[in-house]
Amino acid sequence: DARETAWSWLKENWDRITKTFAASAILSDYVKSIVTLFTSKEKEAEISQFFATRTKPGFKRALKQSLENVRISARWVDGIRGEAELAQTVHDLLIKL
């Protein structure tokens with residue numbers, strides 16, 4: 001899965017990335033573009049743990065917002081998984097198209 005590949009690459013190359021883009025908005029954009037792809041509470045916890053000692057002032061806010069997006073997405077996914085009739089509703093809607 002591409003998001004796992006990007007996340008693994010970010011973790012493995014974090015020191016090099018922060019040295020290269022230390023004072024750049026690119027760092028915030030890159031972190032945000034990877035983190036917001038995830039939709040589980042477990043991944044949010046993993047990301048939070050990784051950045052617990054690696055937060056830089058330049059992207060602290062972007063990280064916080066991105067983690068909030070992951071939490072919102074996780075709640076949404078949990079909610080739709082609990083909808084017993086969702087699959088039938090989607091099927092019915094697709095037939096109408």
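**Salt bridges, core and surface**

Trainee: By about how much of the helix are Lys 43 and Glu 46 separated in helix 4?

Mentor: This is a predicted model. Lys 43 and Glu 46 both lie in helix 4, 3 residues apart. The separation is therefore about one helical turn.

Trainee: What N to O distance do the side chains of Lys 43 and Glu 46 show in their salt bridge?

Mentor: Side chains of opposite charge can pair when their charged atoms come close. The cut-off for a salt bridge is 4 Å. Lys 43 and Glu 46 meet it, with N to O at 3.0 Å.

Trainee: Is Lys 43 buried or exposed?

Mentor: Buried means under 20% relative accessible area. Lys 43 has 9% relative accessibility, so it counts as buried.

Trainee: Which residue in helix 1 pairs with Glu 46 across distant parts of the chain?

Mentor: Glu 46 belongs to helix 4, and its partner in helix 1 is 35 residues apart from it. The closest N and O atoms of this salt bridge are 3.0 Å apart. Glu 46 is partly exposed at 29% relative accessible area, and the partner is partly exposed at 30%. That partner is Lys 11.

Trainee: Which residues are linked in a network of salt bridges?

Mentor: Glu 46 pairs with Lys 43. Glu 46 also pairs with Lys 11. The network contains these three and one further acid. Its members are Glu 4, Lys 11, Lys 43 and Glu 46.

Trainee: How many residues apart in sequence are the parts tied together by Lys 41 and Asp 78?

Mentor: Lys 41 and Asp 78 form a salt bridge, with closest N and O atoms 3.4 Å apart. Lys 41 lies in helix 4 and Asp 78 in helix 5, so the pair ties together parts separated in sequence by 37 residues.

Trainee: How many salt bridges does a search of the whole structure find?

Mentor: Among them are Glu 46 with Lys 11 and Lys 41 with Asp 78. The search of the whole structure gives a total of 7.

Trainee: Which helix gives the most residues to the largest nonpolar core?

Mentor: This core has 16 residues, and Val 31 and Val 35 are among those that touch the most other members. Helices 1 to 5 each give two or more residues. The top contribution is 4 residues, from helix 3.

Trainee: Which residues does Phe 51 touch, not counting those up to four places away in sequence?

Mentor: Phe 51 is one of the core residues that touch the most other members. Its contacts beyond four places in sequence are Trp 7, Leu 10, Trp 14, Val 31, Val 35, Phe 59 and Leu 63.

Trainee: Which residue's backbone oxygen lies 3.0 Å from a polar side-chain atom of Thr 18?

Mentor: Thr 18 lies in helix 2. Thr 18 is buried, at 11% relative accessible area. Beyond four places in sequence, Thr 18 touches Leu 27 and Lys 56. The backbone oxygen at 3.0 Å belongs to Asp 15.

Trainee: What accessible area do Leu 86, Val 90, Leu 94 and Leu 97 have together?

Mentor: These four form a nonpolar patch on the surface. Leu 94 sits in helix 6. Leu 94 is exposed, because its relative accessible area of 56% passes the 50% cut-off. Together, the four residues have about 420 Å².

Methods
Residues are numbered from 1 along each chain as its sequence is written. This is a predicted model: local features need pLDDT of at least 70, side-chain atom pairs count only at pLDDT 80 or more; totals for chains, interfaces and linings use all residues. Side-chain values use heavy atoms; hydrogens and water are left out. A nonpolar core is a set of buried Ala, Val, Leu, Ile, Met, Phe, Trp, Tyr and Cys residues joined through side-chain atoms within 4.5 Å. Buried means under 20% relative accessible area, exposed over 50%, partly exposed in between (1.4 Å probe, protein chains only). Contact means heavy atoms within 4.5 Å. Patches are made of residues with over 30% relative accessible area and no salt bridge: like charges are joined within 9 Å, nonpolar side chains (Val, Leu, Ile, Met, Phe, Trp, Tyr) within 5 Å. Accessible areas come from the Shrake-Rupley method with a 1.4 Å probe; for residues, only the protein chains shown count as cover. A polar contact is a pair of N or O atoms within 3.5 Å; within protein, one must be able to donate a hydrogen and the other to accept it, and residues adjacent in sequence count only if both atoms are side-chain atoms.
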